[in-house]
Structure formats: structure tokens, C-alpha cells
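Colleague: I should like to learn how the features of a model such as this one are to be read. Could we take them in turn, beginning with strand pairing?

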Amino acid sequence: MATKKEDIKEAAVKAAKKVAVKAAKAAVEAAEVVVEKAAKAMKEAATPVITPEMAKIPEGPLELKWTNYKNHQKLVNPANKRRLDVIVVGTGLAGASAAASLAEMGFNVLNFCIQDSPRRAHSIAAQGGINAAKNYQNDGDSVYRLYYDTIKGGDYRAREANVYRLAEVSNNIIDQCVAQGVPFAREYGGLLDNRSFGGAQVSRTFYAKGQTGQQLLLGAYSALSRQIGKGKVKMYTRYEMLDIVLIPDENGEKRARGIIARNLVTGRIERFFAHAVVVGSGGYGNTFFLSTNAMASNGSAAMQMYRHGALFANPCYAQIHPTCIPKHGDFQSKLTLMSESLRNDGRIWVPKKLEDAKRLQAGEIKGRDIPEEDRDYYLERRYPAFGNLVPRDVASRAAKERCDKGYGVNNTGLAVFLDFSEAIQRLGKDVVAQKYGNLFQMYEKIVDENPYENPMMIFPAIHYTMANFSDHGANRLGASALMQGLADGYFVLPYTIQNYLSDQIGVPRMSTDLPEFAEAEKAVQDKIDKLMAIQGKRSVDSIHKELGLIMWDFVGMGRTAEGLKEGIKKIDAIKKEFWTNVYIPGTADHLNNELEKALRLADFIEIGRLMAVDALHREESCGGHFREEYQTPEGEALRQDDKFSYVGCWKYMGEDQEPQLIKEPLDYEFTERKTRNYKS
Amino acid sequence: MDQYIDIKVRVWRQAGPKAQGHFETYELKHVFQGASFLEMIDILNEQLVAEHKDPVTYDHDCREGICGMCSMYVNGHPHGPDSAITTCQLHMRKFKDGETITVEPWRSRAFPVIKDLMVDRGAYDKIMQAGGFVSVNTGGVPDANAIPIPKPVADEAMDAASCIGCGACAAACKNGSAMLFVAAKVSQLALLPQGKIEAAARAKAMVAKMDELGFGNCTNTGACAAECPKSVSLANIARLNREFLCAKFQD
């Protein structure tokens with residue numbers, strides 16, 4: 001770890017090129033601990049701007065960029081692969097598919113996860129499906145069209161080359177999964193079935209009942225299990241990464257050479273070496289306390305890399321999912337998402353009359369009591385072309401708009417109806433049950449109300465954080481997260497990592513007694529000791545809930561400059577409260593869930609602030625970032641392409657210092673930017 | 001309508017794998033029936049932390065019934081007294097005012113207790129590593145539609161594949177057998193043409209590993225399927241036995 005300010009600066013610039021912070025969907029490719037040569041160019045650059053060369057975007061026309069890269073990249077021969085170790089942090093779709101693929105290629109892989117098994121990462125929770133440009137349905141789909149929809153859906157805030165590559169490898173993913181025995185849904189003729197999914201006009205989504213994420217992860221987990229059985233992957237379960245270790249190479253350039261991790265069962269802090277570190281650690285939606293993320297999902301690995309100089313890109317882009325079960329009490333631990341596929345047949349509405357809404361809120365009437373003519377199907381009214389299938393950000397904001405105006409339909413006034421009565425009439429109850437039965441059952445278990453008889457209630461919730469060099473831009477389309485996780489793990493990283501490691505074949509395994517490891521471990525230990533010593537009055541969760549409310553109110557769906565400034569102040573106050581008044585029971589040298597949560601919360605507070613800072617600087621509305629000052633008269637997002645068509649990357653400048661903004665301009669060479677229009 | 005209830009929670013406390021465990025009873029007042037069972041444990045833990053006591057350690061993650069992490073024996077049933085759910089999907093409306101609720105970890109020799117309600121289910125991973133896969137590497141596979149699979153077969157494979165690896169089946173079994181877990185994976189892959197090629201070797205390897213790790217034998221009592229949160233069918237065990245016997249005859 002660098003100690004001098006200059007060292008930190010230098011490390012920051014170089015590592016920025018090496019480790020692209022991959023928080024959101026844990027795509028491994030950015031963790032491409034890659035890229036050093038470009039760091040020199042960056043050092044010389046006076047203004048903090050990332051050029052396409054520095055971003056390592058390959059030359060050539062869009063459809064040949066990835067092919068050109070593959071044709072000209074450096075490779076590592078099989079005998080040398082055996083000599084190289086790679087740490088993979090995370091066992092979600094990206095981590096598991098990367099660990100398995102790298103081991104198959106011959107690398108020695110050390111794979112870490114915080115759960116008890118690599119089968120449990122939150123990728124399993126994705127219900128709806130995975131996109132691919134197979135055009136099996138002959139409805140005009142193509143790689144270009146998937147690329148175009150993704151770029152447009154992301155509000156033109158993603159790299160063209162990245163998104164094209166994603167669309168290009170999407171077809172390989174489906175082939176790979178079928179070969180692994182993933183039981184995708186099929187038609188009577190025996191071929192694969194597809195369905196259309198939020199925001200798409202073609203049927204390109206492959207699915208496995210309501211368990212697509214689970215089945216894809218089990219596919220990757222099975223490939224990973226095979227490599228663990230062969231001894232090519234050493235699996236560390238119930239371990240949490242607490243820092244990354246950088247060591248200078250013979251040219252003085254710092255490279256990621258290992259991690260410090262805590263054994264969550266024994267509490268022991270351990271050191272691990274590898275020639276390269278790949279991080280696929282998931283999103284940080286839990287900054288909001290209540291989100292659709294799993295309880296252990298966190299942003300700490302991303303923050304560790306950020307503190308060592310990796311740039312944190314676009315932290316403000318946070319996707320709100322429109323079809324979650326509304327909040328029901330203060331004790332609530334998480335929000336449950338229901339598949340967006342429900343919007344294919346369900347119609348979203350609130351009452352037309354305020355007095356009806358009031359009576360619903362008071363519990364005097366139910367949704368079914370309101371006659372058809374008094375219902376406002378506001379998505380169909382506002383967006384005739386897409387209706388209930390508008391993208392997630394649009395659907396979420398529209399729900400918030402109605403509730404803000406007082407039309408909410410439950411006791412908190414924070415819910416809208418999702419109604420299947422028309423679908424039941426049109427298709428029959430049996431067909432509806434066949435399509436959505438498991439979701440209806442889930443809803444009934446949680447809410448204790450039968451959705452066949454009374455419309456469901458839904459409300460938006462924080463779902464997915466797009467930050468990083470993600471291919472989703474400012475907003476992710478449905479069924480694209482599974483696609484990206486597996487694209488990077490199976491088909492991108494196995495190439496790019498060879499290019500990165502090709503000049504490392506002569507580097508011997510290093511001892512974890514090196515001073516860099518010792519210093520990193522000491523810093524981790526000091527932080528833990530400091531936390532344990534506070535012995536204040538507040539539980540970790542109570543502070544986390546307070547942070548969550550601030551995030552939702554000031555950095556949530558509708559942001560303003562004034563609100564964000566206020567939010568930053570409040571987050572700073574929370575930080576102070578946390579570091580002076582948190583109480584952690586027990587000791588650090590044993591299993592201690594409260595300590596684990598406290599370490600994660602310390603980072604959530606920093607991430608929350610970074611999100612607010614980024615949101616404040618981005619004076620436009622796009623995708624998962626909506627600034628109320630920048631909207632059309634109809635309330636739609638208003639992009640400012642002349643000023644903000646860039647990736648906003650943040651560089652860590654030290655504890656309690658304001659981060660520095662570095663821009664990567666997004667010059668659209670191949671695609672014309674348009675205003676997203678879901679009306680006609 | 002959901003009400004507020006007062007309850008007593010009788011929880012298994014065990015400081016470590018080798019420590020002597022015991023039941024501890026805690027009183028909880030004013031618990032909303034709309035809360036999930038795990039949220040009730042969260043409330044209990046907040047109460048314990050406020051009293052500077054050690055909170056109850058338990059496994060949980062997705063809280064939407066799919067990760068398979070939560071693993072509590074509630075009133076004598078894995079995942080509690082409701083069918084086809086995980087503990088996180090159990091709600092307090094299943095309990096009455098004044099009730100004493102008994103909470104234990106999974107009870108199975110092959111799943112040793114780590115602390116309180118947290119157990120080590122690594123044995124399931126080891127069984128998977130022994131053969132729960134199709135031996136294909138990344139890349140170089142045929143087009144996904146190259147081999148048509150009849151819909152009923154694909155659907156049956158999907159039903160078998162819906163196992164979430166939570167361990168309720170072995171915990172529920174009086175013999176501590178992992179047969180339903182093993183059968184689900186063997187069935188899924190044996191049904192599909194991609195997995196059929198290695199079906200015999202897979203069945204043998206996974207069964208051998210299961211025996212080696214200390215799981216009991218199957219006596220077809222069916223407790224596993226009755227308690228399975230994903231309703232994995234007992235028919236899978238019949239298919240496993242068939243695959244296993246065929247493999248043995250081939251030897």
C-alpha cells in the first residue's frame with residue numbers, strides 16, 4: 001500500500017487503468033486488472049480525460065472491433081497458464097462463469113464467496129429471463145438490433161463498442177447454457193421458446209420457468225464444481241474480501257497481486273496471492289437499506305478498489321424496479337421483486353378520483369370495488385405505443401408521480417394496482433395461473449391477499465446499480481443483467497485476461513510475507529479494532545435504516561440540486577454518528593455478523609455520498625438518474641447530450657477529501673442519439 | 001387481517017461446533033403478523049444487541065425463497081409449519097398470540113452446527129463436485145437449437161432442477177439421507193440429451209460421495225418431498241435408483 005501522497009496519486013492513475021470498478025452487475029471484464037501501457041499516456045495527459053486508446057477500445061468498424069481484438073491479442077500458452085494464479089472474488093454469474101472458464105483454460109483459480117456455497121449468489125433471484133439475438137422467432141431480431149435496443153435503453157450513456165460486443169456474444173451464452181443442461185423452456189416441437197420482455201419489440205428472452213437466474217447460476221456452478229473437483233479451483237466459502245493488495249512490478253507499475261480476506265467463521269484475517277485479481281462482487285443497492293438485493297449484497301469490494309485508485313464510474317445510475325411488493329412496516333428487511341413479465345398481461349392503474357384513493361388508503365374499499373370508468377390506466381394513457389411495457393425507469397417514475405399526487409392505493413399511499421382481471425377474462429384463469437402462478441402464490445404468501453380476486457399492489461424499489469463501465473449505460477433493460485454477467489465471465493474475460501497476463505509468465509509466485517501484504521492486513525485489522533472499540537449506543541441496522549431513508553428521500557427517484565446538497569450533509573452526519581456511536585457486540589476473532597454488517601455499512605455510507613456527488617454534478621436526466629430540474633413539460637427525462645455525454649469517473653483523493661472527476665467522452669460514432677420515445 | 005401478537009421464541013443456542021448447545025427462551029412483544037419469520041428473528045436480534053447480548057446467528061440471504069440459504073427447523077418442521085416455502089417466506093400470521101415457537105438448526109449428522117442456527121452444508125457441494133455436471137468446457141458447443149428436446153421432458157427436467165440445495169430434505173429425513181437432493185440433479189441431467197451421456201457414471205459418483213460423507217440410506221418415507229420448499233417430487237428418487245442400478249449392471 002502506498003504511504004506517500006505522491007505514491008497514492010501515481011498508484012491511482014495507474015490502477016485506474018487496471019481496475020475498472022465493477023460493482024453493479026459484477027461484470028468481470030472491467031475488473032480487467034488489465035491495461036498498463038495506457039497508464040503512461042494518462043500520466044502525461046494534462047486534463048483528466050480518458051481517451052478511447054486509454055479505454056482500450058479496439059480499432060475498426062463497430063462489428064469488427066471485438067473480432068479484431070481477439071485476432072490480435074496476446075495469448076498465454078498452456079504450459080504457462082499452469083504457472084499463473086488468478087483470484088476471482090464472487091460466485092455470481094460473472095464470478096462463477098469466469099472462475100470455471102479460467103480453470104478450464106489451465107489457470108489456477110482461487111475463488112471466494114461470502115455465502116456458505118457458490119450456488120447462492122443473488123444472480124439466482126432473477127426470474128424473468130436472459131436476452132440473446134438468436135432471432136429464433138423470425139421477428140427481425142439481430143445482433144445489431146439487440147445492440148441498438150441496449151444502447152437506446154441505456155439512454156446513450158454506454159460505450160458503443162462494449163455494447164456491441166455484449167450483443168455479439170449473447171448467442172454463445174445460450175448455446176453454452178443448453179450444453180450444460182440448463183432446462184430452458186421449450187415449445188412443443190422441442191425447440192427453445194422465447195418471450196418478449198420489458199422494453200423490447202421482439203421476442204428474444206430465453207427463460208426457465210420463473211427461475212432463469214437460478215438455473216443459469218446452477219449451470220455456472222456446475223461448471224465451477226467440476227473444476228473444484230479436479231482441483232483447478234480452490235474454493236473459499238464464507239470468506240469476505242477486505243482489501244486488495246497492490247505490488248509494483250519491475251517497471252514500478254503497481255499491479256493487483258492479492259487480497260486480504262476475513263474467514264467469516266473463525267474471524268481470522270488471511271492473505272492470498274495471485275498474479276491477477278478479478279472482482280465480480282455484485283451491486284450496492286443495499287445502500288438504500290431496503291432494496292431487492294440479497295441481505296449480504298454489498299459494495300465493499302468496489303470501494304476497496306476505488307480507494308486504491310480504480311475509478312468509480314457513474315455511481316449515480318441506480319435502477320428502480322417498478323413491480324415490487326410495497327413496504328408494509330418499519331421492521332421490514334428487504335423488498336421483494338416480482339418479475340416484470342407480469343406487465344405483459346397485468347394492467348397498471350390508480351383511481352381517477354382522489355376520494356376513491358382516500359377510501360382505499362383508509363381500507364374502506366378494495367381495488368375491485370372501483371368501476372372501470374373510474375380507473376386511470378396511466379401508462380396506457382401516457383404511452384400509447386408501449387403502454388404497460390415501458391422501460392423500468394419510466395414505469396417507476398410514473399407510479400411515483402401518481403402517488404405524489406395522492407392517488408396511492410394502500411395504507412401508506414405508496415402503491416399502485418397491477419390488475420389481471422382483464423387478462424383472466426381474456427385468457428381464462430387457468431392460462432393466467434400457468435403463466436404467473438408462482439408469482440401470484442409468492443404475492444399471496446407475503447401480502448395475504450388473493451391476486452386472482454383483487455388487483456395486486458406494487459411500488460418501485462431500488463433494484464440494480466449500473467455504475468462502472470457497464471454496458472447498460474444509464475439504465476438496464478429487462479433480461480440484460482444475466483446476459484452481461486455470463487458474457488463477461490464466459491466469453492470476454494477468458495480473452496482479455498490472457499492479454500493482461502501474457503507478459504507475466506516469468507513472474508514467480510510471491511510470498512504473502514511481503515511488506516505490502518503485511519501493511520494491507522494491518523490496515524484492515526486497525527479498521528476492525530477501531531470499529532470494535534467504539535462501543536456506542538446504536539445498532540448497525542438502526543444506522544443503516546437511517547442512511548436508507550436519506551438515500552430514498554434525497555438520492556432516490558426524483559433528485560434536485562437542493563435535495564442532493566441536503567442529502568450530502570445528512571450522509572456526512574450519519575458517517576459521524578456511525579464512527580462514534582455504533583455498537584458491535586462480541587469480539588472480532590470469532591464469527592460476528594454484526595461486525596460484518598458494520599464493515600459493509602462503513603462502505604455503504606461512502607458509496608451513498610459518492611452517488612449523491614455524482615448525481616449533483618450530472619445536470620441532466622437520463623435512465624436511472626432523474627433530476628427534476630431537467631424534464632420535458634410532460635415530465636420525461638431530458639438529456640443534455642452537449643454537456644454530459646460522458647462517463648463520469650470518480651477518483652479517490654483520500655479520506656474525507658472530495659473525489660476528482662475524470663471524464664470519458666462518449667462519442668457516438670455509429671449510432672444516432674435519439675430521445676427515448678415510448679409514446680408512438 | 002394481520003394483528004400484533006406477543007410470542008415466546010425458544011431458540012437453540014450453541015457457541016461453536018464443539019460447544020454444548022441448549023435452548024434459550026426469549027419474549028417478544030408486539031410482533032406484527034405481516035412480518036416474515038426472519039424479520040421476527042431480526043427484531044429479536046435488535047433486542048439482544050440493545051441488551052448487549054450475543055445475537056442469534058443464522059443463515060439467510062435473498063429473502064425471496066430462492067437462494068436456499070435459510071435453514072431453520074421451526075416447530076418441528078424444516079422451514080416451518082407451511083408447505084412449499086423457505087423460512088424467509090414464512091410469515092408470523094401462521095402463529096398465534098401467546099404461542100411459544102421452537103427454533104432449531106438443521107438436524108443432520110452430515111450438517112454439523114457452526115453456531116446457533118448456522119450449519120455447514122459443504123457436503124452438498126462436495127456431492128455436486130463428484131459429478132453434478134455435464135463435462136463441457138466453455139466454447140465449442142453446438143447451437144442451442146441443434147438438439148430438439150420434447151417439451152414434457154424439458155419440463156420434467158426443469159421441475160427436478162428447481163432444487164435450491166437448502167438441505168431441508170436431509171434434515172427432515174429420519175435417516176439423514178440426501179437422496180432427494182442427489183436424485184434431483186441426477187434426474188435433471190439424465191433426462192436431457194446433453195447429460196445422458198454421462199448419466200451412469202454421474203449416478204455412481206454422486207451416490208458414492210453421498211455415502212462417504214455420512215448421509216443415511218433412503219427408506220422411502222417421503223418426509224423429504226413433503227418438506228421440500230420447491231416440491232421436488234419423490235419420483236426423482238425412483239429415477240435415481242433406476243440410473244444407479246443400470247450403472248451397476250453395466251459394471
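Modeller: Strands of a sheet pair through backbone hydrogen bonds, either parallel or antiparallel. In chain B, strand E3 (residues 72-74) and strand E5 (residues 100-105) run antiparallel and are joined by three bridges; two strands count as paired if DSSP finds at least two bridges between them. Helices (H or I, at least four residues) and strands (E, at least two) are DSSP runs, numbered from the N terminus. Within this pair, Tyr73(B) stands opposite Glu104(B) of E5(B).

The model is predicted, so local features need pLDDT of at least 70 and side-chain atom pairs count only at pLDDT 80 or more, while totals for chains, interfaces and linings use all residues. Residues are numbered from 1 along each chain as its sequence is written, chains are lettered from A and ligands numbered from 1 in the order in which they are written, and side-chain values use heavy atoms, with hydrogens and water left out.

Colleague: In what order do the five strands of the open sheet in chain B lie?

Modeller: The order is E2-E1-E5-E3-E4, with mixed pairing. Strand E2 (22-32) and strand E4 (77-78) of chain B each have a single partner strand and stand at the edges, so one side of each is left without a neighbour in the sheet.

Colleague: Which helix lies across E1, E2, E3 and E5 of chain B?

Modeller: That is helix H1 (residues 37-50) of chain B, which runs at about 105 degrees to E2(B). Axes are lines fitted to C-alpha atoms, for helices over the stretch in contact, and angles run from 0 to 180 degrees between N-to-C directions. Contact means heavy atoms within 4.5 Å.

Colleague: How should a nonpolar core be read?

Modeller: In soluble globular proteins, nonpolar side chains tend to be buried together. A core here is a set of buried Ala, Val, Leu, Ile, Met, Phe, Trp, Tyr and Cys residues joined through side-chain atoms within 4.5 Å. Buried means under 20% relative accessible area, exposed over 50%, and partly exposed in between (1.4 Å probe, protein chains only). The largest core has 115 residues, and Ile130(A), Phe184(A) and Phe215(B) have the most contacts inside it. Its largest share, eleven residues, comes from helix H15 (residues 481-501) of chain A. A second, separate core of 60 residues includes Ile528(A) and Phe578(A).

Colleague: How many residues does each chain give to the contact between chain A and chain B?

Modeller: Chain A gives 73 residues and chain B gives 74 residues. The buried area is about 6000 Å², with 53% from carbon and sulfur atoms; this is the accessible area (1.4 Å probe) that two parts lose on being put together, summed over both. Seven salt bridges are counted between the two chains, each a side-chain nitrogen of Lys or Arg within 4 Å of a carboxyl oxygen of Asp or Glu. One salt bridge is between Arg121(B) and Asp116(A) (3.1 Å, N to O).

Colleague: What should one look for in phi?

Modeller: Most residues other than glycine have a negative phi. Asp116(B), not a glycine, has a positive phi of about 45 degrees. Asp116(B) lies in the loop between strand E6 (113-115) and strand E7 (118-119) of chain B, and is buried, with a relative accessible area of 1%. Lys209(A) also has a positive phi, near 50 degrees; its place is the loop between strand E4 (205-206) and helix H8 (212-229) of chain A.
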